[in-house]
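Here are some notes on the two-chain model, as numbered points. They take up a helix of the second chain, then the interface, then the fold of the first chain.

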Amino acid sequence: MTAVSKLRQHYWITAFRRSSFGRAVIRRLPGRVKRGLRAGRRWQRRAVAQLRTRWRRSLQFRVVSTTLVLCVLVIAVLGFFLVQTIAAGLLASAEKSATAQAAGGRSTVLGLSSVLVLQPPEADSPTANAPYVAQVAARTALEQGGSAGNYLVAVHLTDSGDTSSTAVPWVAENTFSPSATVPSDLLNKVGAEQLAEKYDNQNPAAPQYEPTTLVGNNGQSLGPALAVGVPLGPYYQLYYVYPFTSEQAFLLLVQRVLVGAGLALAVLLAAIASLVTRWVVLPVRHAAQAAQRLSAGHLEERMRVLGVDDLAALATSFNEMASSLQGKLRELEELSKVQRQFVSDVSHELRTPLATIKMAADLLFESRAGLDRGPARSAELLQSQLERFETLLVDLLEISRYDAGAATLDADLVDVCDLVRGSADDAQQLAERRGGRIEFRLPATGCFAEVDRRRVERILRNILVNAVEHGEGKDVVVTTAMDNDAVAVSVRDYGVGLRPGDDQQVFERFWRADVSRARTTGGTGLGLAISLEDAHLHGGWLQAWGERGKGSVFRLTLPKIAGQELAGSPLPLGPDDTELTGGSNGTGPFPTAKITGTISRG
Amino acid sequence: MKGRVLVVDDDAALAEMLGIVLRGEGFEPTFVADGDKAVEVFRDSRPDLVLLDLMLPGSDGIDVCRQIRAESGVPIVMLTAKTDTVDVVLGLESGADDYIMKPFKSKELVARVRARLRRTDEPAPEMLQIGDIAIDVAGHSVKRGVETLNLTPLEFDLLVALARKPRQVFTREVLLEQVWGYRHAADTRLVNVHVQRLRAKIEKDPEHPEIVVTVRGVGYKAGTG
């Protein structure tokens, strides 16, 4: 039944297929026909879909097809009215000439054979019996017009006269059947006229007419005709029948000419519309292409400006936009280059004296045993603070490289679990001093992803050391998981936690969780800011959760393929159920069976 | 005898400090501040090792490195403040054996200099063969047939390390430890650059190496010829 729902637009097909008759028919169809029908429907659907796509996509197609349809409609309506008007005119002129001829015929017959026509028909009289009189009248009338081929003549004998068996109601040429051709309406009208006639020549009876169908002797229809009747004295009626043969031929010709000319006109108009639209659409398409290339980074892309019309204005303003964009971008690039150069220079200029100072400090530090207490302690302080200074310098340079947009991703396929173990060294040592442990929950299969080893190690080192530093000597849990698109590492500590709102602020430069708290490990205050940039460079996330007294979670999520957009993370951000309920079933997407257990070093 | 170090550095303070540290470790430092005079001084003093700052007034440190390398296989250790990979690779390609990033610890510098000079102890007479290449370890010579191939000491060490265990695949980290004397993981580009340079000298077709073969994803090994 799904096929039926797809065919909702074809009501009659649906109705047919649903009716019991239709079902029976379809059931009985041979397989080949059914397949053919299905293929036909598929083809039809495909064609409709294709047309729809073209309609949506191509302005030209839309304009041309609309022009074509509207044109055909207008021509059809106009043609219909034209044919109607011509037909009406032809009919009117035919009526006029027919009535005139009928009147003329009557007066001729009355003038030539009034003796016969005006006397009542007698069956036995050789000259006054109805058939004879009628025949004479008919011949007279036929000969009167001169153009005998154009019409047919019949004489009707009214009932009021002779009722003998020899009397016949119609006398006419034997090529048609007058009784079937002349409509009874006309007979009645002429009858009424006949009764009203006064025979005073001042008020001759008016001819009556009625359109009809000419019927042959054998009863077959010979096409439309006009029947005109006029009373011929009190006993006879004279009828003329004008077949519309020539008029019909003329109308047919007119119709053909109209249809032919209309079709030609429609096609011509469609072609013109196509040309004109092309004229407008082509520059628009060019503009679209140019804009596309521009957005793809081809900043030198320009449009051709022809003439001074609207399209030229479009091209001109497009080009102006492109130039100003290019200028701005160049300016930015220049700035970024200057910034990068500056960072590089600062780096070099600072590093050289720092190298001297460091070697001097090393020398002093090593010979501190021979110094007094004050200078010896100074040498120690100099040594440790120099290290801090150097880390700060490295971090500053790194973050200014990010600010200058000069950071590049050097991605490789790497096992992130290996990186987790490898980056934990510093944190392990620190944790041991604090009396805690780092617990690893890593999947056995490894978690390969395209990442920049150096940057990811830096992120992991940062969040691990942070966790131990703020973990108040409690254990830190590192969990790694992956799904089809992403790898995630979460670092959970059970220390001081974060205040509300801090989960965003921790990533700010030089931000301190607690201003009054002394720094113990000498972090630069840039670690998490750099880590966040590192994560973003991968197209990944670095997020924090924390609650006062409940500890915090830092979760790093990286796409498996560098730069791909992340839809979600394989690990939850926040405390998981295991620690709330004490149970062993985690809420993460990975069942605990996949976690190989605790790897603990130290 | 072994222990003369030429310090090519334009920064007077750093040069002086380097001098103090090197003298303290028993080396004999000579100094030159100008890149243009560096090669001249090098010829006069015939040092056992050159410490070269990459950024010098006059000719660039890279040029100095190239000129020295053109006439001698003496170990060259670059001092660099540039962290960009391009500069480091450029320095290594122009002939430096090793590099050290400013700021460095005195111990690190001394360890690196020692590692480059440690071939003072006389090696046992030993002949090695890879493919059609014959190596005389004690005599420091490499020959293809009768033709002598001119290798720098570092290139020689690299080749010998590979040739001593012909079927073993060496990772870049292992080579860094054996040839350069690094204790922990360092810049593996050092290995890549020097393997390229070694190939350029010993392979018949460096594009299709037969003597130092790359094992994809692992490292390098001596070819079977």
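1. This is a predicted model. Helix H8 of chain B covers residues 189–202, which makes 14 residues. At 1.5 Å a residue these should span 20 Å, and the end C-alpha atoms of H8(B) are indeed 20 Å apart, so expectation and model agree.

2. Many positions of H8(B) are buried. They are Leu190(B), Val191(B), Val193(B), His194(B), Val195(B), Arg197(B), Leu198(B), Arg199(B) and Ile202(B). The list includes two arginines, Arg197(B) and Arg199(B), and one histidine, His194(B).

3. Turning to the interface, 15 residues of chain A are in contact with 15 residues of chain B. On the chain A side, the greatest contribution comes from H10(A), with 14 residues. By residue class, that side of chain A holds six nonpolar, five polar and four charged residues.

4. One helix pair within this interface deserves a separate point. Helix H10 of chain A (residues 310–366) and helix H1 of chain B (residues 12–24) have axes that come within 9 Å and cross at roughly 30°. The two helices are therefore roughly parallel to each other, and their crossing is left-handed.

5. Which residues make the contact between H10(A) and H1(B)? From H10(A) come Thr352(A), Pro353(A), Ala355(A), Thr356(A), Met359(A), Ala360(A) and Leu363(A). H1(B) supplies Ala13(B), Leu14(B), Met17(B), Ile20(B) and Val21(B). Ten of these residues are nonpolar and two are polar, with no charged residue in the contact of H10(A) with H1(B). As background, an α-helix has 3.6 residues a turn, so residues three or four places apart point the same way.

6. Helix H11 of chain A runs over residues 373–403 and has 31 residues. From first C-alpha to last it reaches 44 Å, close to the 45 Å expected at 1.5 Å a residue. Just after H11(A), Gly405(A) takes a positive phi of about 70°.

7. Buried residues in H11(A) are Ala379(A), Glu398(A) and Arg401(A). Among the elements that cover them are H10 and helix H16 (527–537) of chain A. H10(A) thus appears twice in this note: it helps cover H11(A), and it gives the most to the side of chain A that touches chain B.

8. For chain A as a whole, there are 17 helices and 13 strands. Of its 602 residues, 26% are buried. Among contacts in chain A between residues at least 6 apart in sequence, 66% join residues at least 24 apart.

Notes: Residues are numbered from 1 along each chain as its sequence is written. Chains are lettered from A and ligands numbered from 1 in the order in which they are written. This is a predicted model: local features need pLDDT of at least 70, side-chain atom pairs count only at pLDDT 80 or more; totals for chains, interfaces and linings use all residues. Axes are lines fitted to C-alpha atoms, for helices over the stretch in contact, and angles run from 0 to 180 degrees between N-to-C directions. Helices (H or I, at least four residues) and strands (E, at least two) are DSSP runs, numbered from the N terminus. Angles under 35 degrees count as roughly parallel, over 145 as roughly antiparallel, 65 to 115 as roughly perpendicular and the rest as oblique. A crossing is left-handed if the near helix is turned anticlockwise from the far one by less than a right angle, and right-handed if clockwise. Two residues are in contact if their C-beta atoms, placed from the backbone, lie within 7 Å. Ala, Val, Leu, Ile, Met, Phe, Trp, Tyr, Cys and Pro count as nonpolar, Asp, Glu, Lys and Arg as charged, and the others, Gly among them, as polar. The expected span of a helix is 1.5 Å times one less than its number of residues. A residue is buried if 20 or more other C-beta atoms lie within 10 Å of its own, exposed if 12 or fewer, and partly exposed in between; C-beta atoms are placed from the backbone.
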